[in-house]
Amino acid sequence: MDGNYAAMAVTLVVWIGLFFYLMRLDNKVKRLEEKNR
Amino acid sequence: MPPRSTGLDSKALAVYAKDMRLELRSRYALNAILMFAITTLAVVSFSLGQSGLSPKLLSALFWIVIFFSAMSGLAHVFVREEETGTALALRLMADPDPVYIGKLAFNFSLLTTMAVVVTPLFFIFTDAPAEHIISFLPVLALGVIGLSGATTLVAAIISRASVKGALFAVLSFPILMPLLIALVAATEKVFGGSGLGEALAELQFLFAYAVVMITASLLLFKFVWQD
Amino acid sequence: MWWKILLFVGMTAMIIASYVTPAPQQQIGESSRIFYHHIPQAWICVLAFATSMVYSIRYLRSRRIEFDDRAVETARLGFVFCLLATVTGSIFARIAWGSFWNWDPRETSVFVLLLIYGAYFALRGAVQEPDRRAALSGVYSIFAFVTVPFLIFVLPRIVPSLHPDDSIVDSSMEFTMGPSVRVIFFASLALYTVLYFWMLNLSGRIGRLVRVREDLES
């Protein structure tokens, strides 16, 4: 069972990292698009 | 250069005849493909010994030899046009469809010639069960049709690329993978002595594959051929 | 904005649920939880490939280079998901069947998809002129996609005898999927799809920004 929780923690860290990276990218792209307009 | 004629058949035939004439003069593609096939076959036979190979191993070896030999020569029919600068003239003389059909027929003849030479040699060199050669012929024919049908368009694609090198095999392999798997499965059954009836599913697969690939090639060829 | 929050909460909940509920396939045990990620990844791999083919068709019809840009972007995403699906599948195969690679029909098809993507990028690298690169790689992507139905639907039917192990995957996937397993699985499928479209949208917008930049410079 402990192995499951370790795997869950790793998966969650990867997912949360990916999500915030994409959020930051999204905001950056939005800023650049507004600057171009 | 082929004369400008009206029907699709006669134009395709003209393209085919022109390629055949050029090939008979130089025999470049045929020599490459045959030498490659015979060399591979000899190496395989020499290193594995003659007898006691299982049907599974035999069928895999056979199609590996055919696949790599095909890769060594089938691109030539388009690459030659681009290299000698005759592609532009051909583009002006004929529509894409007859050009494709002519080239397909040429590649098919090339592969058939190779198969006619290599298959008996294969049976001799590896001591494959010669009594099954008759039921092996339909599999071989469908394999040759499928191989030439799927690779002629790829040959056209790479002839237009600036770096050719090993690209032909790289692009062809994933497309031929389903074909090769089905061919090996069917050949294994035939060599194992279970007859063509057992391999019916594979034969249907091979037929469907050839029809789909040639149809798709006909639809797509004009986008490769014209700029 | 709201769908991003939903995606975040949903995916987090799905990941937690996928580990605290009983394993989806009792025979295989804990490692079968990888299905919740592996199958959606494989699905995105095929979906991205199909999208790439649609953009290639649109490019060949209209000859507008932005369709080619979209086709490459989705192909890149598809390649990443394909790689993920291959790696997760291979790890699972090691645990369930004892070796990393068994050549069962499903492994074969994901491997061929990987090869097709690789060949597609190799072809793009080999053509310098942008319009010709777009046309040639577009044709190749359509032509290669035509073979995919053969791999996915027909092949498993003609070579099943070689890999009896495949039935384990089938039975756990299609027959013994309990209600809670089904909910998590389809949630995962939907969430992965949303994630894919978000990533596609982002790379498309970045691609457009790059084009604008290039136009300004030239």
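These legends walk you through several close-up views of a predicted model.

**View 1. Chain A, a chain with one helix.**
Welcome to chain A, which has one helix and zero strands. Its C-alpha trace spans about 55 × 5 × 5 Å along the principal axes. Of the 37 residues in chain A, 30% are buried. The chain exposes about 2700 Å², and carbon and sulfur atoms supply 64% of that area. Chain A carries 6 positive and 4 negative charges, and the mean positions of the two groups are 11 Å apart.

**View 2. A patch of positive charge on chain A.**
Here, look for A:R24, A:K28, A:R31 and A:K35, which gather on the surface in a patch of positive charge. One of them, A:K35, sits in helix α1 of chain A, which covers residues 2-36. Is A:K35 buried or exposed? With a relative accessible area of 68%, A:K35 is exposed, since the term applies to values over 50%.

**View 3. A bend in helix α8 of chain B.**
Follow helix α8 of chain B, made of residues 167-191, until you reach B:L176. There the helix bends by about 50°. A proline, B:P178, follows within four residues of the bend. Why can α8(B) be called largely enclosed by the rest of the structure? Because 18 of its 25 residues are buried. After α8(B) comes B:G193, a residue with a positive phi, near 90°.

**View 4. Two salt bridges from helix α1 of chain B.**
The whole structure holds 19 salt bridges over all chains, and this view shows two from chain B. In one, B:K18 pairs with B:E81, and the closest N and O atoms are 2.4 Å apart. This pair links distant parts of the chain: B:K18 belongs to helix α1 (residues 8-26) and B:E81 to helix α4 (residues 76-83), with their positions 63 residues apart in the numbering. Both B:K18 and B:E81 are buried. In the other salt bridge, the side chains of B:D19 and B:K103 meet at 3.1 Å, N to O. Here too distant parts of the chain are linked, with B:D19 in helix α1 and B:K103 in helix α6 (residues 96-126), 84 residues apart. B:D19 is buried, with a relative accessible area of 0%, and B:K103 is buried with a value of 0%.

**View 5. Another salt bridge, and the network in chain B.**
Now find B:R80 and B:E23, which form a salt bridge with their closest N and O atoms 3.7 Å apart. B:R80 lies in helix α4 and B:E23 in helix α1, so this pair ties together parts that are 57 residues apart in sequence. B:R80 and B:E23 are both buried. Which residues are joined into one network by salt bridges that share partners? They are B:K18, B:D19, B:E23, B:R80, B:E81 and B:K103.

**View 6. A meeting of sequence-distant residues in chain C.**
Chain C has seven helices and zero strands, and its pattern along the sequence reads α-α-α-α-α-α-α. Of its 218 residues, 54% are buried. Zoom in on C:I57, which lies in helix α2 of chain C (residues 35-62). C:I57 and C:G138 are 81 residues apart in sequence, while their C-alpha atoms are 7.1 Å apart in space. C:I57 is partly exposed, as its relative accessible area is 31%.

Notes: Residues numbered from 1 in each chain as written. Chains lettered and ligands numbered in written order. Predicted model: local features only at pLDDT ≥ 70, side-chain atom pairs only at ≥ 80, totals over all residues. Heavy atoms only, no water. Patch = residues over 30% accessible without salt bridge, like charges linked within 9 Å, V, L, I, M, F, W, Y side chains within 5 Å. Areas by Shrake-Rupley, 256 points an atom, 1.4 Å probe, with all protein chains shown as cover. Salt bridge = Lys/Arg side-chain N within 4 Å of Asp/Glu carboxyl O. Lys, Arg positive; Asp, Glu negative; His and termini not counted. Charge placed at Lys NZ, Arg CZ, Asp CG, Glu CD. Buried < 20%, exposed > 50% of the residue type's maximum accessible area, 1.4 Å probe, protein only. Bend = angle between axes of the 7 residues up to and from the residue.
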